[in-house]
Amino acid sequence: MDNNARPDKKINRANNTAGVFNGFWDGFFVKGQLDVPMVVITVIVACIGLVMLLSASYPESYRDFGHGYTYFRNQAGFMILGFIGMFIASKVNYNKLRIFAWPALVGSLLLVLAAIFLGISEGGGGGVNRRLGFFQPSEITKFAVILFCANGLSKNHKKMLSNKPSDKGFANIVSIITGGRLRLTESTVTMFWYALIIVASAGVVFLGSHLSGAIIIMAIGVFMLWLGEAKAKWFVAGAIIVVVALVLVINFYEYLPLQDYMKTRLRTFFDGNGDTWQTDNGLYALGSGGIFGLGIDGSKQKYSFVSEPHTDFIFTIVGEEIGFIGCMIIIALFCVLIGRGMYIAFKAKNRFGTLLAMGVMVHIALQVGINLAVITDLIPNTGISLPLFSYGGTAVIMTLCEIGVVLGVSRLADLPKVYSFRDGNKKIKKSK
């Protein structure tokens, strides 16, 4: 009997495993109509970004490679890959992404550590490695943090609002140490758990001499906790900590455990004693554009005055070539893109979809806002790229894939969608 039973048990286990596997893939791809306005505005921004990158990168490309189209061709290739990834991501049932929350976060952090020990050093990175080939793992970490927080904060939403004493081990330890005078609530324990994960993720990225990436991850995390309805008192406490940290940075940055190039940037901004070449010439470029600009390919500052004008400081060349009006149009397009994504988030079918889409839009908004603040010398140079404009394969591909995730949310969202131009008379059809 036993000998006969063992094969049956193996067969049952195999069937159960196959059932779980098939159940996961069942409904993995969805057929709902995606949000065409979001697609259109993304394509418009990406195309403008590609044209401006061609203009901004031509002198650098000619100097480095002997012809002016290398950076443009590379970026065009990255964008093609990104749009393919965007379409695939838009077809995925976003609810299925929950299972990847932990693996994506852990995997991306392991890749960041691999880049530190095995990767390629960046010129301004103080000799610390950030990349594996053209691949920069910290860009994946940003989305992984969004996915992890969206998954956890949606599942634990009731705990985030609960004032009941927590029965978790840490809460019990605190209670024992304080003689029962301090009992941590479920809300506090849950909030601290996600805050710890966010800080740890930012810390690992910071080890790779990627201060800007760590700042973005921390900012994303704060917004995710706010969207997850963490108690207001923790944001007040956080604001106090940030103010104290800023005071310390401003007055004692020379003694902080920072890379030398980071201290140089802070010294340049606060004391004006460092190398202000890039910032000054970036401001000259913005100012010389005037109202209407000097025309596409009319920039003079891109000829070795603005360092690497095709990366973080590309918007200074944009300002020089298409002027104040052109800059305002591009900023307006970014606002429309972000606003449309947030509209989709509010119309999502569940809390997870809302948090996921909002997290992506917050990420893009932070990148745009901080980049513009840097080039206008409102904050120290942090090396944050402008989405869909700045040169960089991982950033472009990940940005488009993240937008694809938002489009995946839109397929199942409760909103009218313009989706069909198939009629001979080109009438637009709408579905509720």
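1. The second largest cavity draws the largest share of its lining, three residues, from helix H14. Helix H14 covers residues 351–375, and both H14 and H15 supply at least two residues of this lining. The full set of lining residues is Glu139, His363, Ile364, Gln367, Ser385, Pro387, Ala395 and Thr399. Sorted by class, they are three nonpolar, four polar and one charged. The volume of the second largest cavity is about 50 Å³. The structure holds three cavities of 30 Å³ or more. The model discussed here is predicted, and this applies to every point below.

2. The next point concerns a pocket. The second largest pocket contains about 320 Å³ of space. It is lined by 14 residues, and those closest to its centre are Leu97, Phe100, Phe143, Leu147 and Val405. Two helices, H5 (138–155) and H15 (393–412), each contribute at least two residues to the lining. How many residues of each class line the second largest pocket? The lining has 13 nonpolar residues, one charged residue and no polar residues. Helix H15 therefore deserves a second look when reading points 1 and 2 together, because it supplies at least two residues to the lining of the second largest cavity and at least two to that of the second largest pocket, with helices taken as DSSP runs.

3. Helix H15 also holds Ile397. This residue has a relative accessible area of 19%, so it counts as buried, the cut-off being under 20%. Ile397 and Ile84 are 313 residues apart along the chain, while their C-alpha atoms are separated by 9.1 Å.

4. On the surface there is a nonpolar patch of about 980 Å². Its members are Trp102, Val106, Leu110, Leu113, Phe117, Leu118, Trp193, Leu196 and Leu207. Helix H4 (101–118) and helix H8 (186–207) each supply at least two of the patch residues. Which helix gives the largest share of the nonpolar patch? That share, six residues, comes from H4. Trp102 is found in helix H4. With a relative accessible area of 44%, Trp102 is partly exposed. Trp102 can belong to the patch because its relative accessible area of 44% passes the requirement of over 30%.

5. Seven salt bridges are found in a search of the whole structure. One of them joins Arg340 and Asp35, whose closest N and O atoms are 2.6 Å apart. This pair links distant parts of the chain, since Arg340 is in helix H13 (residues 314–346) and Asp35 is in the loop between helix H1 (2–25) and helix H2 (36–65), 305 residues away. Are the two partners buried or exposed, or in between? Asp35 is buried, at a relative accessible area of 0%. Arg340 is partly exposed, at 21% relative accessibility, and does not count as buried because that class requires a value under 20%.

6. A further salt bridge joins the side chains of Asp297 and Lys302, with an N to O distance of 2.7 Å. Lys302 has 0% relative accessibility and counts as buried. Asp297, on the other hand, is partly exposed, with a relative accessible area of 45%. Elsewhere, Glu60, Arg63 and Asp64 are joined into one network by salt bridges that share partners. Within that network, the side chains of Asp64 and Arg63 meet at 3.1 Å, N to O. Arg63 is exposed, with a relative accessible area of 53%, whereas Asp64 is partly exposed, at 37%. In general, side chains of opposite charge can pair when their charged atoms come close.

7. The loop between H1 and H2, which holds Asp35, also holds Phe28. Is Phe28 buried or exposed? Phe28 is buried, at 8% relative accessibility. Phe28 and Lys96 are 68 residues apart in sequence, and their C-alpha atoms are 6.4 Å apart in space.

Terms used:
Residues numbered from 1 in each chain as written. Predicted model: local features only at pLDDT ≥ 70, side-chain atom pairs only at ≥ 80, totals over all residues. Heavy atoms only, no water. 1 Å grid on protein atoms, 1.4 Å probe; cavity = no way out; pocket = protein on both sides within 12 Å on 5 of 7 lines; lining within 4 Å. Points joined across faces, edges and corners; volume = space filled by probe spheres on them. Helix = DSSP H or I, 4+ residues; strand = E, 2+ residues; numbered from the N terminus. Nonpolar A, V, L, I, M, F, W, Y, C, P; charged D, E, K, R; others polar. Patch = residues over 30% accessible without salt bridge, like charges linked within 9 Å, V, L, I, M, F, W, Y side chains within 5 Å. Areas by Shrake-Rupley, 256 points an atom, 1.4 Å probe, with all protein chains shown as cover. Salt bridge = Lys/Arg side-chain N within 4 Å of Asp/Glu carboxyl O. Buried < 20%, exposed > 50% of the residue type's maximum accessible area, 1.4 Å probe, protein only.
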